[in-house]
Amino acid sequence: MIERYTLPEMGRVWSDAHKYELWCKVEVLVVEAHAAAGTIPPEVVEPVRKAPPPTPEAVHEIEAVTQHDVIAFLSAWADNTEPREAARYVHFGMTSSDLLDTALALQLVEATDILLAKADALVATLRDHALAHRGTLRVGRTHGIHGEPDVWGHRVADFAFAMARSRDRLRRARAAVGVMAISGAVGTYSNIDPAIEAHVARELGLASADVSTQVVIRDGISEWVSALAIMATVCEAIALEVRHGQRTEVRELWEPFGKGQKGSSAMPHKKNPIISERLAGMARIVRAQIVPVLEGIPLWHERDISHSSTERIALPDASVALDYMLNLTNRLMSGLVVDEARMTANLESTGGLIYTSTVLLELVEAGMSRDDEAYPLVQKAAMETWETGVPFRETLRAHAAAAGLSLDEGRLDEVCRPERFVERLGPVFDRLADLT
């Protein structure tokens, strides 16, 4: 992921320097376990433990010759070990994937914890925003067309619960990627005791794979990437709502617009929804990683490394992008401007067409058949309002009179009251208030 969208904490997780720190941590634990078991001389433990991780530059220089990153790392780290002779017991009985998959599990858990903290913060922001607007009337839309009265908090509550479910889904995926293996060349423990694996797993807070054929099969990592993609797409859904709400013709919502900010190089009046559009673009990046990572599940025999190059790009990019998105979505919702007056104006802009559903039911309850009498009457009146702009109550009254019907104006006043449409949303907001 390019530096523009990489936040420092997540960037460090995927840095080469941190990766080599984790590789050293894993290898030291293996050396300690071997020494405790009497497999290797105990006096080599301290020199290995004290050896500083190699620099990325040192590893890359050796890798340019060896064309093997783990061998390059081990050689560069051995150069930092005093006496260097102690380094001969590093990686004892292991294969490259033992180190790579175990350290990768640590990176994935670290990245997940960063994402979960930001998801928690976003859930709280969405919850509080929705509760603050539980009484903010607006028109509810279907297909982009005015439907019935609603409240803005209802729409945001949907996002809050979706983000909470996405967070919980990611929590479950954390367990799926917190899996390691130190089982040797083809996963048979031929040169390393399973007790070594169990010790390392316990010390790192990871789970040992149920079975490993050198690599940990990638279904868990695929689940994790899918969880990230779903969360990113929920962020995009929030952004899309803001983008629609900020259109000039709607003008109900505004992204935060800072002092000195400029919307267009050519048109000084512009306040464009750039945050929301950026979120939409970045969601595509996260979703795009699902298929390449899934394709790392089927490998040749015990393993090949076709998954390796994919994951070097896909896993950092997905988590770095989502980290940025969660931060940006929280900023968007924390600073969102809600134009309640404009929401009221839009609610009333169709001359009462948003009340056709309740008028229809009122006529049915008054004794009219739904399909043959009430629906045609209400629809004809509504179409006239669409075409002429005459308020719906007037066109309804005229069509009813032409059909020889007398309307109960008092009842129509009651059913055409916007607050009536949202009176039963109380339990939704009660559930929302309990959301953590």
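Let's start with one residue: at 15% relative accessibility, histidine 91 counts as buried. Buried here means under 20% relative accessible area, exposed means over 50%, and partly exposed is in between, with a 1.4 Å probe and protein chains only.

Before I go on, a word on the model. It is predicted, so local features need pLDDT of at least 70, side-chain atom pairs count only at pLDDT 80 or more, and totals for chains, interfaces and linings use all residues. Residues are numbered from 1 along each chain as its sequence is written, and side-chain values use heavy atoms, with hydrogens and water left out.

Back to histidine 91. It sits in the loop between α5 and α6. Its phi is near 70 degrees, a positive value in a residue other than glycine. Most residues other than glycine have a negative phi, and most peptide bonds are trans.

Proline 83 also lies in the loop between α5 (69-79) and α6 (96-132). Glutamate 82 and proline 83 are joined by a cis peptide bond, with omega about -5 degrees.

Now the whole chain. How many helices and strands does the chain have? There are 18 helices and six strands. Those are DSSP runs, numbered from the N terminus: helices are H or I with at least four residues, strands are E with at least two. The radius of gyration is 31 Å, well over the 22 Å that the globule rule gives for 436 residues, so the chain is more spread out than a compact globule. That radius is taken over C-alpha atoms, and the rule is 2.2 Å times the number of residues to the power 0.38. Along its principal axes, the C-alpha trace spans about 105 × 50 × 35 Å.

Of the 436 residues, 48% count as buried. The chain exposes about 21000 Å², and carbon and sulfur atoms supply 53% of that. The area comes from the Shrake-Rupley method with a 1.4 Å probe; for residues, only the protein chains shown count as cover.

Next, contacts, meaning heavy atoms within 4.5 Å. Take contacts between residues at least 6 apart in sequence: 75% of them join residues at least 24 apart.

One annotation. UniProt, in an unreviewed entry, places the feature "domain: Adenylosuccinate lyase C-terminal" at residues 351-433. UniProt positions follow the numbering used here, feature names are shortened, and annotations may be inferred rather than shown by experiment. In the model, that span is 66% helix and 0% strand. Its end C-alpha atoms lie 35 Å apart.

Let's look at a buried pair. Is glutamate 27 buried or exposed? Glutamate 27 is buried, with a relative accessible area of 0%. It is found in helix α2, residues 16-37. Leaving out residues up to four places away in sequence, glutamate 27 touches Phe73, Leu74, Trp77, Val90, His91, Met94 and Leu99. So our opening histidine is on that list. Tryptophan 77 is on it too.

Tryptophan 77 is found in helix α5. At 2% relative accessibility, tryptophan 77 counts as buried. Its contacts, leaving aside neighbours within four places in sequence, include Cys24, Glu27, Val28 and Val48. Three prolines are also among them: Pro52, Pro53 and Pro54.

Now some distances. Glutamate 27 and tryptophan 152 are 125 residues apart in sequence and 54 Å apart in space, C-alpha to C-alpha. Tryptophan 77 and asparagine 330 are 253 residues apart along the chain, and their C-alpha atoms are separated by 42 Å. For valine 109 and alanine 175, the figures are 66 residues and 8.3 Å.

Valine 109 is found in helix α6. It counts as buried, at 12% relative accessibility. Setting aside neighbours within four places in sequence, valine 109 is in contact with Arg174, Gly178 and Leu206.

On to another loop, between β4 (207-208) and α9 (219-246). Glutamine 214 is there, and aspartate 210 lies there as well. Glutamine 214 counts as buried, at 9% relative accessibility. Aspartate 210 counts as exposed, at 86%. The phi of glutamine 214 is near 85 degrees, a positive value in a residue other than glycine.

Last residue: glutamine 289. Where is glutamine 289? Its place is in the loop between α10 (274-287) and α11 (290-294). At 11% relative accessibility, glutamine 289 counts as buried. Not counting residues up to four places away in sequence, it touches Val225, Ala314 and Ala318.
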